[in-house]
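Trainee: Please pick one part of this model and take me through it closely. I would like to see how its surroundings fit together.

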Amino acid sequence: QVPLVESGGGLVQAGTSLRLSCAASGLTFSQYHMAWFGQAPGKEHKFVAAISRDGSTTLYADSVKGRFTITRDNAKNTVYLQMGRLAPEDTAVYYCAADYAPEYSGRNVRRGWTEYGTWGQGTQVTVSS
């Protein structure tokens, strides 16, 4: 059973919107900080956005601030990435990632991809100009 499954990617035109979803299973979702990373061909994972276990804290890459919004629904074990005003440079495989951070750990939500131990298989987003 794959713990994280992304969906919602596709081929879209520049200026449009897309919503990615990541459904979690087999883990206590509310104990995990969640994040989205993008990986363009031949490049490393690039931080996009992160959200704390309870949704109270969000982090964004400068390149997506004001365009993308990360949210989560702990009742549905799902995290979302609403992507707006898409541009060709947003083209990448987008991965959902989870960082185990129970409340007693005091662990804050972070940007580094090495902080996240559980990953989905990715969903392709292609933005045409």
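Mentor: Here is a close look at one residue, followed by the strands, core and charged pairs of the model.

A word on the ground rules: this is a predicted model, where local features need pLDDT of at least 70, side-chain atom pairs count only at pLDDT 80 or more, and totals for chains, interfaces and linings use all residues. Residues are numbered from 1 along each chain as its sequence is written, and side-chain values use heavy atoms, with hydrogens and water left out.

Let us start with E6, which sits in strand 1 (residues 4-7); strands here are DSSP runs of E, at least two residues long, numbered from the N terminus. E6 is buried but forms no salt bridge, and R72, the nearest side chain of opposite charge, is 14 Å away. Buried means under 20% relative accessible area, exposed over 50%, and partly exposed in between, using a 1.4 Å probe and protein chains only. A salt bridge needs a side-chain nitrogen of Lys or Arg within 4 Å of a carboxyl oxygen of Asp or Glu, and for charge Lys and Arg count as positive, Asp and Glu as negative, with His and the chain ends not counted.

What lies beside the polar atoms of the E6 side chain? The backbone nitrogen of C96 is 2.7 Å from one such atom, and the backbone nitrogen of G122 is 2.9 Å from one. Setting aside residues up to four places away in sequence, E6 touches S21, C22, W36, Y94, Y95, C96, G120, Q121, G122 and T123, contact meaning heavy atoms within 4.5 Å.

Two of these partners are worth following. S21 belongs to strand 3 and is buried, at 16% relative accessible area; beyond four places in sequence, its contacts include V5, E6, S7 and W36. Y94, with the same four-place neighbours left out, is in contact with E6, W36, L81, M83, G122, T123 and V125, among others.

Y94 also leads us to the largest nonpolar core: among its 37 residues, M34, W36, V79, L81, M83 and Y94 touch the most other members. Such a core is a set of buried Ala, Val, Leu, Ile, Met, Phe, Trp, Tyr and Cys residues joined through side-chain atoms within 4.5 Å. Strands supplying at least two residues each include strand 4 (32-39), strand 8 (78-83), strand 9 (92-100) and strand 11 (123-128).

Strand 11 shows an alternating pattern: T123, V125 and V127 point to one face and are buried, while Q124, T126 and S128 point to the other and are not. Strands pair if DSSP finds at least two bridges between them. Strand 11 runs parallel to strand 2 (residues 10-13), with 4 bridges, Q13 standing opposite S128. It is antiparallel to strand 9, with 3 bridges, and V125 is the bridge partner of A92.

Now contrast E6 with acids that do find a partner; the whole structure has 5 salt bridges. D90 pairs with R67, their closest N and O atoms 2.8 Å apart. That pair links distant parts of the chain, 23 residues apart: D90 is in the loop between strand 8 and strand 9, R67 in the loop between strand 6 and strand 7. Both D90 and R67 are buried. D99 meets R107, also at 2.8 Å from N to O; D99 is buried at 4%, whereas R107 is partly exposed at 23%.

Note on methods. Polar contact = N/O pair within 3.5 Å; in protein donor to acceptor, adjacent residues only side chain to side chain.
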